[in-house]
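Colleague: Could you take me closely through one part of this model, and then place that part in its wider setting? I would like the cut-offs stated as you go.

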Amino acid sequence: MFSFVIALIYLMLAWHFQRTRWAGRSPLLPVRVEPYVLGVALLAHAAVLGLAVVTPLGVNLGIGNATSMLACLILLMVYCSAHWQNLSGLYPLLLPLAALGTGLQAILPAQHLLVDASQPWFKLHLLLALMAYSLLSVATLLALFMTVVEYNLHHVQNHRSLQQLPPLLGLERLLFNTILVGFLLLTAALISGALFSHSRLGAWFLPNHKNIFSLISWLAFGGLLLGHHTLGWRGRLATRLTLLGSVFLLLAYVGSKFVLEVVLRR
């Protein structure tokens, strides 16, 4: 019940930010109040999520909880970053996704108790993986947002609606900085996962869907960073490679969990 209430608040805030940041209309909510309302919604989301994930039987990271956790972390990272750079134009894209993740927590309550949650290598791997997925998901939103801004610059005659949005070059710089940090975290997550796998199963790499798609995503983001540094890749090529790497990362974690827990009910 509380998850649906939080999802409704996110959708109302998404409509507010779309109205003020994208449509250039007068705000219904004072600008100075926006961070507080969003902050309260984030705190409520985190509280509901904490009660669902930390159970007497152990850590429950079923697909609903995992999706909601990623949505909460992504929104939190953008919320904190907005104190240094104007990223409020991302909220019309981000808040509906956060509402979807919060709603899925209630719709897909399948349990997936982590039996290895007490082992140090697994804790490190889980923390690094969640941070990497969250940061690279933010990079995906930035890539999508850059596409929207670029389209508006070329096709919209009245640019007053874009005055409160970050400049395209600033978004591109933020995109590559986010990808770099996310790539380093993903690298550390893959290494810690290999160490955990070797300590528990005696194998450095298990050729399952999660590991294979994670490795392909790592190659895509690594290739993009290398191409940007050596060949000056940017613009549409950068956004397309970002989206490609994100698709494989989504398949690696959420896609695998959806097939196992919802389709196969394992």
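Modeller: Thr-102 counts as buried because its relative accessibility is 1%, where buried means under 20% relative accessible area, exposed over 50% and partly exposed in between, with a 1.4 Å probe and protein chains only. This is a predicted model, in which local features need pLDDT of at least 70 and side-chain atom pairs count only at pLDDT 80 or more, while totals for chains, interfaces and linings use all residues. Residues are numbered from 1 along each chain as its sequence is written, and side-chain values use heavy atoms, with hydrogens and water left out.

Thr-102 lies in helix α4, residues 91–107; helices (H or I, at least four residues) and strands (E, at least two) are DSSP runs, numbered from the N terminus. Leaving aside residues up to four places away in sequence, Thr-102 touches Ser-3, Ile-6, Ala-7, Tyr-10, His-45 and Ser-68, a contact being heavy atoms within 4.5 Å.

Helix α4 also takes part in an aromatic pair. A search of the whole structure finds three such pairs, for which rings of Phe, Tyr and Trp (its six-membered ring) must have centres within 6.5 Å, planes under 30 degrees apart counting as stacked, over 60 as edge-to-face and the rest as tilted. One of them joins Phe-17 and Tyr-91, and is tilted, with 4.8 Å from centre to centre and 50° between the planes. This pair links distant parts of the chain, since Phe-17 belongs to helix α1 (residues 2–22) and Tyr-91 to helix α4, 74 residues apart. Phe-17, at 2% relative accessibility, counts as buried, and Tyr-91 counts as buried too, at 4%.

As for the wider setting, the protein has eight helices and two strands, and from the N terminus on its elements run α-α-β-β-α-α-α-α-α-α. Of its 266 residues, 43% count as buried, and among contacts with a separation of 6 or more, 77% are accounted for by residues 24 or more positions apart. The accessible surface, from the Shrake-Rupley method with a 1.4 Å probe and, for residues, only the protein chains shown as cover, comes to about 14200 Å², of which 71% belongs to carbon and sulfur atoms.

Further along the chain, helix α6 (residues 168–201) has 34 residues that should span 50 Å at 1.5 Å a residue, and its end C-alpha atoms are 47 Å apart, which agrees; the expected span is 1.5 Å times one less than the number of residues. Gly-202 follows α6, and its phi is positive, near 80°.
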